[in-house]
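Welcome, and thanks for taking a look at this chain with us. Please have the sequence and the 3D view open side by side as you read.

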Amino acid sequence: MTSLHTVRVRHRSLGVALAAAGLLTTLLAAAGPAAATPDPGDLRPGVGSGGSAASVPDRELAPGEIPGRDEIVHSRNIKPLANIPSANPNGINTDLAFEGRYAYAGNYDGFTVYDIGNPKSPKVVSQVLCPGGQNDISVSGDLLFLSTDSSRSDDSCNSVSQPATEKSSWEGIKIFDIKDKKNPKYIKSVETACGSHTHTLVPGGRDLYLYVASYSPNEAFPDCKPPHDGISVVKVPKKAPTKAAVVGFPVLFPDGGNPGAPANPGVSKTTGCHDITVLPSKNLAAGACMGDGILFDITRPEQPRVIDRVQDNVNFAFWHSATFNERANKVVFTDELGGGGGATCNEATGPNRGADGIYDITGRGDQRELVFKSYFKIPRHQADTENCVAHNGSLVPVGGGRDIMVQAWYQGGVSVWDFTDSTRPKEIGYFERGPLTTDALGLGGSWSAYYYNGHIYSNDIVKGLDVLRLDDWRTDSAKWVRMDRLNVQTQPDYR
């Protein structure tokens, strides 16, 4: 689910964030070890041309080449099928969820419902205006959940920004009834400590649970004071969703987690989690928690229990998200170096920072451990005006013991890569656009890229919804895997 997080998004004006991001490229290029920065979650979107530029048939990049402004390039095994331009080019598109023939796309202003029954010709079904960055999204049956991690005047969809220092400010989870796709109805809100940057749906019998991730407390915030060393658990009765409520705040870091600087220069201090992926079939979860990566047991969903915890104080600045492989013996963690607003896919930053970290899971039961194996980063250097770093992706369910995933890299585009050999990951396909801007750092590119029922769907911050077809002998088996729902952070058992 994702980010472009700020240390607290609500506290910086767009102008200040943009100015700070202009300096960010220089700072990151000069940095030695991992460099954590204030997260520029409220950068202005780039000002590339409206809509989507035409693709050059089978146009692949030469080694070291950077495509022209807004130019579409892609590997031969990926074909762009459709693009629905963003309805608000000044907005920020975020995460995706799927159910049946519909895709649900979050944005900082609300969410959009798409009919993707014909992937070559997706259609907008409805658009819901309900501001509250970043509107991380998930769906279950007739319910849709949105995360609000920006301080609002109240819990309504007519709210306005309000300082987090005011006790009356609201942040948390919003619940919608989406039985009528053309007219979703807002039915319930649940306030959570420090808001909800992301959330993860944990299925149950009579109830659903949401693991709510948030971070960066401050003594000046009445509803977000330190310590903030755990997650909020929201219980949602399936037959009475309007009775949803917080039922616990399990502490995941009793020792406070990674202290960050000065003990670990350039690394984010752990003050909560950014994102959590659950694997219900194994009662496992993996948490990306700022300065820490964790593996935990969710057999008792209201009381998750940490099994193992790892840090990388050399190359990881901000643990952002996690993905299990199909056999549940590996986890891919992402490092969102620069908070999503930096140009970190360049030669100066190098291949091990702002990358994926691949960890094998060894042992059994409570003796399971996360063992680092290697890093993966897209091999195509991006311009210094392109924000680019590892971001949201999902498995391509190929089965047969092979591990392949598709992943968003902001302006680095969409990458398909193979990590079957944990020590030697490699890219096998890509799709990207050239820089939105060529004179200053701009914000854009793919926020989330997920594989669902035979196609790749990418929610581009500026350009809108892209639909891609992947044709490759290594992934053809995935075309036979059909699902009735996909919330990527509630990872299904594909086998």
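The report below goes from the whole chain to its strands, then to two residues and the cavities.

## The chain as a whole

What you have here is a predicted model. The chain holds 1 helix and 30 strands, and 63% of its 495 residues are buried. About 17700 Å² of the chain is exposed, and carbon and sulfur atoms supply 51% of that area.

Contacts across the sequence are worth a look too. Taking contacts between residues at least 6 apart in sequence, 62% join residues at least 24 apart.

## An open sheet of five strands

A good place to begin is the open sheet built from 5 strands, whose order is S6-S5-S4-S3-S30 with antiparallel pairing. Which strands stand at the edges? They are S6 (123-129) and S30 (485-486); each has a single partner strand, so one side of each is left without a neighbour in the sheet.

Moving through the sheet, strand S3 (residues 93-99) pairs with strand S4 (residues 102-107) in the antiparallel sense, over 5 bridges. Here you can find Glu99 opposite Tyr102 in S4. S4 in turn pairs with S5 over 6 bridges, again in the antiparallel sense, and these two strands form a hairpin with 2 residues between them. Within this pairing, Gly106 has Phe111 of S5 as its bridge partner.

Strand S5 (residues 110-115) deserves a moment of its own. Of its 6 residues, 6 are buried, so S5 is largely enclosed by the rest of the structure. S5 also runs antiparallel to S6, joined to that strand by 6 bridges, and Tyr114 stands opposite Val124 in S6.

## The hairpin of S7 and S8

Next along the chain is strand S7 (residues 134-140), which is mostly covered, with 7 of its 7 residues buried. In a regular strand, side chains alternate between the two faces of the sheet. In S7, Gln134, Asp136, Ser138 and Ser140 point one way, while Asn135, Ile137 and Val139 point the other way, and all are buried.

S7 and strand S8 (residues 143-152) run antiparallel and are joined by 5 bridges. One bridge to pick out links Gln134 with its partner Thr148 in S8. The hairpin of S7 and S8 has 2 residues between the strands, and in this hairpin Gly141 takes a positive phi near 60°.

## Two residues in their surroundings

Let us turn to Lys167, which sits in the loop between S8 and strand S9 (170-177). Is Lys167 buried or exposed? Lys167 has a relative accessible area of 56%, so it counts as exposed, the cut-off for exposed being over 50%. Leaving aside residues up to four places away in sequence, Lys167 touches Pro222 and Asp223. Lys167 and Asp223 are 56 residues apart along the chain, and their C-alpha atoms are separated by 6.9 Å.

Val332, in strand S20 (residues 330-335), makes a useful second stop. Its relative accessibility is 1%, so Val332 counts as buried, the cut-off for buried being under 20%. Not counting residues up to four places away in sequence, Val332 touches Ser321, Ala322, Thr323, Asp356, Gly357, Ile358, Met405, Trp417 and Phe419. Between the C-alpha atoms of Val332 and Tyr375 there is a separation of 9.3 Å, with the two residues 43 apart along the chain.

## Cavities inside the model

Rolling a probe the size of a water molecule over the atoms shows where empty space is left. How many cavities of 30 Å³ or more are there? The count comes to 6, and the largest cavity has about 110 Å³ of space.

The lining of the largest cavity is made up of 15 residues, and those nearest its centre are Tyr410, Arg433, Gly445, Ser446 and Asp460. Two elements give two or more residues to this lining, namely strand S26 (426-433) and strand S28 (455-460). S26 gives the most to the lining, with 3 residues. By character, the lining residues of the largest cavity divide into 5 charged, 6 polar and 4 nonpolar.

How values were computed:
Residues are numbered from 1 along each chain as its sequence is written. This is a predicted model: local features need pLDDT of at least 70, side-chain atom pairs count only at pLDDT 80 or more; totals for chains, interfaces and linings use all residues. Side-chain values use heavy atoms; hydrogens and water are left out. On a 1 Å grid over the protein atoms alone, a cavity is a set of points where a 1.4 Å probe fits but cannot get out, and a pocket is an open set with protein on both sides within 12 Å along at least five of seven lines; lining residues have an atom within 4 Å of a point. Grid points are joined across faces, edges and corners, and a volume is the space filled by probe spheres set on the points. Helices (H or I, at least four residues) and strands (E, at least two) are DSSP runs, numbered from the N terminus. Ala, Val, Leu, Ile, Met, Phe, Trp, Tyr, Cys and Pro count as nonpolar, Asp, Glu, Lys and Arg as charged, and the others, Gly among them, as polar. Buried means under 20% relative accessible area, exposed over 50%, partly exposed in between (1.4 Å probe, protein chains only). Contact means heavy atoms within 4.5 Å. Accessible areas come from the Shrake-Rupley method with a 1.4 Å probe; for residues, only the protein chains shown count as cover. Two strands pair if DSSP finds at least two bridges between them.
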